[in-house]
Every structure is written in structure tokens, then in C-alpha cells.
Amino acid sequence: MLAAAPAPRALTAEALGLPPPGEARAQGLFDRYGRSHGYLRISVIEKCNLRCRYCMPEEGVPLLARDELLSFEEIERLATLFVRLGVRKIRMTGGEPLVRRGIDELVARLGRLKALGLQRLAMTSNALLLRQHLPALRAGGLDAVNLSLDTLRPDRFRAITLRDGCEETIAAIRAAAEAGFDKVKVNAVVMAGVNDDEIVDLAREFAREHPIDVRYIEYMPFEGNHWGDALKMFPAASIRGRLEEQLLLSPLGLDETAAMYQAHERDGRAFRGRIGIISSMTEPFCASCNRMRLTADGHFRWCLLDEGEIDLRGPLRAGATDAELSALIEAGLARKRPGHAPTEELLSLQKAAGPSGARSMIRIGG
Ligand code: SAM
Ligand code: SF4
């Protein structure tokens, strides 16, 4: 079975086993369903040095004016507030975080939040510029990197990202594995007929001999990203099927959003890294979602697949106190739904919001 559209499912609190809204009340960042939110993803830039077709609209995204982007001081102020409110893990993303000028300094600033209770600082990157930053990122306190690569073939890399860089990305992933991070993960978005024939190759390339986790992500619909026309989803069940045609997989349970597996070759050789499958569309993990997002222009978002967001930059620049900003964050979190809308509804919500209202993945921060 290839590229079947996910069956629409109603992600109600009841269906997800969550308590009815409002019943759960506790210290920290909790939503109305009792989900604790200890994980913040901060987009540090909307710009990117690649043009992945599944992420960015063909015409590109309008560039933020310089003063629309949060400054390092503003990111640090908000990140500090989130850590005081209970965030224990921060991931920098984008756009491409390594394109942001001075990124090493920002990493060092956020690394210092470990003194306030932050436990883990991570980054998601396309790895193109990674090698030159590795020493500074490690020194600044970066614990882990998720590196995105969907294909091992340079021609395909160009067709997907509209740029060259396949060899450099592969070299950077290998270098990261030697750089002393707690964890290096490779993320591949799988699209039917585009790269689904490389699922096993990617696992063997990175996870067999190296302690690198390879994770496959179901392609998700976003404003202007070719969902349903040029690009089609390859569902999680088919990803697993592809792997099992050649490898033996034993389930290891859930790691955040990914169903994890130990892989073996059929001759018994164990892989050093693990395999993960992220089924955001066909088997959403909303019931255990602990994520919040801060966009590069300072908007707080409580769900990747919900158009709701609250501006924190305006109040921050107008002199809001920490208590006032906390109240805005809590009000946003209170709007978080038990689960994201079914695919058809998502598409019509994005359509209704239009290109200026709905954010493409690159503008939300993946
Ligand atoms: N530029 C960095 C990178 O590519 O890793 C960070 C930002 S990117 C938006 C974060 C992650 O989102 C990447 O792993 C990317 O593959 C994933 N992504 C982008 N568009 C997606 C889509 N439509 N469906 C699923 N994952 C997507
Ligand atoms: Fe850039 Fe990452 Fe989006 Fe690709 S997935 S266009 S690398 S932000």
C-alpha cells in the first residue's frame, strides 16, 4: 500500500484517553488536558540555504524585516522565562539555524540556562554549514543535533532541495557523530515515489556502523508544500514494511514522538544506532504532546498543526513584565486542543487562512 491518505480521525480528549478539559490543574506549564509542557522549540530564523519542496512554498517566503526577527537578547529573555516556567528542553530550529549570524553566541547564551534548570539544548539543522560550527556549538553547551537528509543521491538531493550539498551533508553527519554529542539523529521525510526506495539504504548508511538514530518522518501538509499534487505521503506502516523487507526490527517503545526499533541485519549483525518512525499523520502522538513553539518573529504556538498563535514580541517590546508574558503563554496553552484536526480539516483550515495567514513549515519552525 503506497501513499494512502490517512483516514480522518477525530482526536477528541476521550479518544486520546485524556481527562476532560479543565480537570487537571498543577504547577508548571499544563494545558487543559493535564499535559505537561517541558519542551520548547525556538525558531531562530526563517531563512534557509535549501529550498526543500515539502517545506517551502515554490515562490519562497517573504523575508522578515530585520526588526521583526527576535534579537538574541529577546530570545534569551523569553527562553529564560520558559525555563522558569518549567521548560527542561530547548531545541533551536528554523529555517536553517546555522544561517543566523552569530548562532554560536546564541547557543552559548542558551547553554547558560542550564544553571536555571534547563537540562538539554538541541538543534535541528540541514547540516550544510555544520562542520565549521561544531567546536563552538559543543563548547556552548549544545547536547544533541537532529540532522535532516532525505536521500543519499546527489541528483535526488537537488530535486528535493533545489540546491547541491548531498556529499557535504553526509560528511557533516559523520563528523557530528565523532564530535561528542549525547545524541545525533538523522531525520528523513519520506515521500511516495520520491525517496521511499532509499529507506533501508539510509538506515544502513548511518545507523549500522555509527551510534546515529535514523528517523523517518511522515510528510505533513503545510501551506504551499505540494501536499497531494506533486508530493504524496508514504505512511508509517509502509515505512516499517519497507524496513522489514530487509531488516529485523524489535520495538523499543516510544521516544518522544518516534516509535523506536532496534535493527538487525538478517545475518544477526546489530545496528549501533536505533531506527525511529514518526507517524504524525496516520497515528498522531497528540495525547503525549509536551511541545510548544516560539517563531522567529516572536509568536507563541502551542501546536504545529494548528493556526493559533499569540504575539509575544509586541508585548515584550512594549515593556511587559515576566508575569504578563507568562499570562499570555498560559492563555495560549489553554487554547491547545486535545489533538490536531484530521487531514481534510487541516487542509481546509490552511486554505481558509490563505498564504498570508497559514504558516508554511519553514515559517513555523519544524
Ligand atoms: N532547516 C532545518 C532542517 O531541515 O533540519 C530545521 C528546520 S526544518 C523545518 C525541521 C524539520 O522539519 C526537518 O527535519 C524537515 O525535514 C522537517 N519537515 C519540513 N517540512 C516537512 C513536512 N512537510 N512534513 C514533515 N516534515 C517536514
Ligand atoms: Fe530549509 Fe529545513 Fe525547510 Fe529544508 S526542511 S527548506 S533545510 S528549513
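Strands are DSSP runs of E at least two residues long, numbered, like the helices, from the N terminus, and a residue is taken to be near a molecule if one of its heavy atoms lies within 4 Å of it. In these terms, β3 (120-125), β5 (183-190) and β6 (212-218) each supply at least two residues of the shell around ligand 1. The structure described here is a predicted model, and the values reported below are computed from it.

The shell around ligand 1 comprises 20 residues, of which Y54, G95, S148, M220 and N225 are the closest. By residue class, this shell divides into 8 nonpolar, 10 polar and 2 charged residues. Polar atoms of the ligand lie at short listed distances from the protein at several points: a nitrogen atom of ligand 1 is placed 3.0 Å from a polar backbone atom of G95, and a nitrogen atom of ligand 1 is found 3.1 Å from an N or O atom in the side chain of E96. For S148, an N or O atom of the side chain is separated by 2.5 Å from an oxygen atom of ligand 1. Taken alone, ligand 1 exposes 550 Å², and 95% of that area is buried by the protein.

Ligand 2 is surrounded by C48, L50, C52, C55, G95, N126 and I362. The shell around ligand 2 consists of 5 nonpolar and 2 polar residues, with no charged residue. G95 is thus listed both among the closest residues to ligand 1 and among the residues that surround ligand 2.

Strand β6, one of the strands that supply the shell around ligand 1, also contains D213. This residue has a relative accessibility of 1% and therefore counts as buried, since the cut-off for that class is under 20% relative accessible area. The side chain of D213 is joined to that of R274 by a polar contact of 2.8 Å.

Among the aromatic residues, ring pairing was assessed with a limit of 6.5 Å between ring centres, and by this rule the count comes to 2 aromatic pairs. F82 and F300 form a tilted pair, with 5.8 Å from centre to centre and 40 degrees between the planes. Because F82 lies in helix α2 (residues 72-84) and F300 in strand β11 (residues 299-301), the pair ties together parts that are 218 residues apart in sequence. F82 is buried, with a relative accessible area of 0%, and F300 likewise counts as buried at 0% relative accessibility. Together with W302, F82 and F300 form one aromatic cluster. A further arrangement that involves an aromatic ring is found at Y39, where the charged end of K89 sits over the ring at 4.7 Å from its centre.

With regard to backbone geometry, most residues other than glycine have a negative phi. A127, which is not a glycine, has a positive phi near 75 degrees. A127 is located in the loop between β3 and α4 (130-139), and is buried, with a relative accessible area of 0%. E256, also not a glycine, has a positive phi of about 55 degrees. The loop that holds E256 runs between β7 (247-255) and β8 (258-265), and the residue is partly exposed there, with a relative accessible area of 33%.

Several residue pairs separated along the chain were also examined for their C-alpha distances. E58, in the loop between β1 (39-43) and α2, is exposed, with a relative accessible area of 54%; E58 and H226 are 168 residues apart in sequence, and their C-alpha atoms are 8.8 Å apart in space. K336 lies in the loop between α10 (322-333) and α11 (343-357) and counts as buried at 2% relative accessibility. The C-alpha atom of K336 is separated by 9.1 Å from that of R301, with these positions 35 residues apart along the chain numbering. R131, in helix α4, counts as partly exposed at 42% relative accessibility, and the C-alpha atoms of R131 and A172, which are 41 residues apart along the chain, are separated by 5.5 Å.

Definitions and conventions: Residues numbered from 1 in each chain as written. Chains lettered and ligands numbered in written order. Predicted model: local features only at pLDDT ≥ 70, side-chain atom pairs only at ≥ 80, totals over all residues. Heavy atoms only, no water. Phe/Tyr/Trp six-rings, centres within 6.5 Å; stacked < 30°, edge-to-face > 60°. Helix = DSSP H or I, 4+ residues; strand = E, 2+ residues; numbered from the N terminus. Buried < 20%, exposed > 50% of the residue type's maximum accessible area, 1.4 Å probe, protein only. Lys NZ or Arg CZ within 6 Å of the ring centre and 35° of its normal. Polar contact = N/O pair within 3.5 Å; in protein donor to acceptor, adjacent residues only side chain to side chain. Areas by Shrake-Rupley, 256 points an atom, 1.4 Å probe, with all protein chains shown as cover. Nonpolar A, V, L, I, M, F, W, Y, C, P; charged D, E, K, R; others polar.
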